[in-house]
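Visitor: I'd like a close look at a single part of this one, the nonpolar patch on the surface. Could you walk me through that, and then show me how the rest hangs around it?

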Amino acid sequence: MLSFLLSILALVLGYIFYGALVDRIFGPDPSRKTPAITKADGVDYIALPTWKVYMIQFLNIAGTGPIFGAIMGAKFGPASYLWIVLGCIFAGAVHDYMCGMLSVRHGGASFPELVGDYLGKRTKTVMLVFSMVLLLLVGTVFVYSPALILGDIAGDGSRGSIMLWVGAIFLYYVVATLLPIDKLIGKIYPFFAFALLFMAAALMVCLFAKWPSLPEIWDGLGGWNEKAGIGDQPIFPCLFITIACGAISGFHATQSPLMARCIQNEKLGRPVFYGSMITEGLVALIWAAVSSWFFFDGGAAEVGSTTAAAAPTVVTKVSESWLGLLGGILAILGVVAAPITSGDTAFRSARLIMADFLHLEQKNIWKRLWIGIPMFGASALLLWYNIADANGFNVIWRYFGWSNQTLAAFMLWTATVYLATRKKGSLDYFITLLPSMFMTAVCVTFILVDKIGFRLPTGLAPWIGIGTFVISGVLFWVWYSRHAGRGVK
């Protein structure tokens, strides 16, 4: 428990001190009008109260990510604490802050537009396709998986029952994607965000009451994956792919511009973007600690389960055992409502990314439909394929974790170029350069050694990682020597 407590303290101090440093380096201008004011359209560009923007941003980036990822990542032992804390403070929160604030400075621009401005038009096109595929995958899977769970809860897991739930969720996605952001998302998201935070807080209180004997960092970082039955997955790079949303996630780069279009003042960037990521890290830490008890301290047997249980089962079993009826309700919100709220904003982001690319304003409902109809049609085809041949789609979905972190690496490189070209002689760019190099090393290593990639011997993973880290740094330095200080917005 001491490692858990120290990790919580580190996240809080990270927000106070490192968050302030990142904010100072970027330099928000309170007198500068934000896109919510200059581009107000009553649909996507709407000035919302700060507390509501924060809650929507938190749920946009959270969903089930900090829960399921932390549960699976806890099998790597206390190394999961270190990755959540260090990844969140120095990579994830910086990633979300820079993406959100760059979007504010560029009139609410979406992620591919930002990439195009700083990494070139060719990279922009690649990221446009990459982002659209990623978002359609997220939206599609977050139709099907909640439908399966709802079918089980209703006591009828038949194909017909699942299809009814699929239809209902898909209809909600269509409505939520097309309506103005304050009409539906702005009203229900704060409630679901509060429920997610309340569940995490309640579980933390239970942890303090039980005070279980959890693995500590000083007990050693290696060997825990073998005890948990995942010895074929080395800590590097697998841990850094498994725990994404609780540490750093490229999906957030598609979500932060949504709230960049609703924030009323640049000075709010730190609490909204950096702060919401730190909050997500706290949620992930709590679930990592709970899961450590579940996997390594007899928790699974105590709640009537096994250590081989899937993440949704861990959520329901622990919540019902520790929190009773309330826990059961919160568990349903966690495994059903949270992915649904990730799916609808995934589709909304996809619509806005395509609208930016086509330079098509979205105030008119027919222009929203012009983009929405083919987008939902493509998702329906993927969904049908998933239902007809689940194994086929699941093979595609296994690439999501890698794709997600690759997206994060591109956003970090975008922010690095912005900082490097802004002011000659400044070393500000180091706050994004080092995490850029690290995430590049993680993504390259993973796709080369994992079973979904080229399946090179896992013993090569550290050397591939070090080599990629060094080479990416050298390539950046070659670029920097030619382009430093040329000036940006």
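Guide: Sure, and one definition before we start: a patch here is made of residues with over 30% relative accessible area and no salt bridge, with nonpolar side chains joined within 5 Å. Keep in mind, too, that this is a predicted model.

So, which residues form the nonpolar patch on the surface? The members are Leu2, Leu6, Leu9, Val12, Leu13, Ile16, Phe17, Phe208, Trp211 and Trp218, and together they have about 1000 Å² of accessible area. Helix α1, residues 2-26, supplies the largest share, seven residues. Ile16 is one of the patch residues, and Ile16 sits in helix α1.

Trp211 deserves a second glance. This patch member lies in the loop between α9 (185-210) and α10 (224-227). Its backbone is a bit unusual as well: phi of Trp211 is near 45 degrees, a positive value in a residue other than glycine. For context, most residues other than glycine have a negative phi, and most peptide bonds are trans. The second half of that has its own exception here, with Phe236 and Pro237 joined by a cis peptide bond whose omega is about 10 degrees. Pro237 belongs to helix α11, residues 235-242.

Now leave the patch for the helix packing. Take α5 (residues 79-105) and α13 (residues 269-296): they pack at an angle of about 155 degrees, and their axes are 8 Å apart. Angles over 145 degrees count as roughly antiparallel, so that is the label for α5 and α13. The crossing of α5 past α13 is right-handed. As for what fills that contact, its residues divide into 17 nonpolar, six polar and two charged.

Helix α13 has another partner in α3: the axes of these two come within 9 Å and cross at roughly 50 degrees. That angle makes α3 oblique to α13. Here again α3 passes α13 in a right-handed crossing.

Further along the chain, α19 (residues 430-449) and α20 (residues 461-483) pack with their axes 8 Å apart, at an angle of about 135 degrees. These two are therefore oblique to each other, and α19 passes α20 in a right-handed crossing.

Last stop, the charged side chains. Side chains of opposite charge can pair when their charged atoms come close. How many salt bridges does the structure hold? There are eight. One salt bridge has the side chains of Arg351 and Asp44 meeting at 3.0 Å, N to O. Arg351 lies in helix α15 (residues 311-358) and Asp44 in the loop between α2 (35-38) and α3 (50-61), so the pair ties together parts that are 307 residues apart in sequence.

Definitions and conventions
Residues numbered from 1 in each chain as written. Predicted model: local features only at pLDDT ≥ 70, side-chain atom pairs only at ≥ 80, totals over all residues. Heavy atoms only, no water. Axes fitted to C-alpha atoms, helices over the stretch in contact; angles between N-to-C directions. Helix = DSSP H or I, 4+ residues; strand = E, 2+ residues; numbered from the N terminus. Parallel < 35°, antiparallel > 145°, perpendicular 65-115°, else oblique. Left-handed = near helix turned anticlockwise from the far one by under 90°. Nonpolar A, V, L, I, M, F, W, Y, C, P; charged D, E, K, R; others polar. Patch = residues over 30% accessible without salt bridge, like charges linked within 9 Å, V, L, I, M, F, W, Y side chains within 5 Å. Areas by Shrake-Rupley, 256 points an atom, 1.4 Å probe, with all protein chains shown as cover. Salt bridge = Lys/Arg side-chain N within 4 Å of Asp/Glu carboxyl O.
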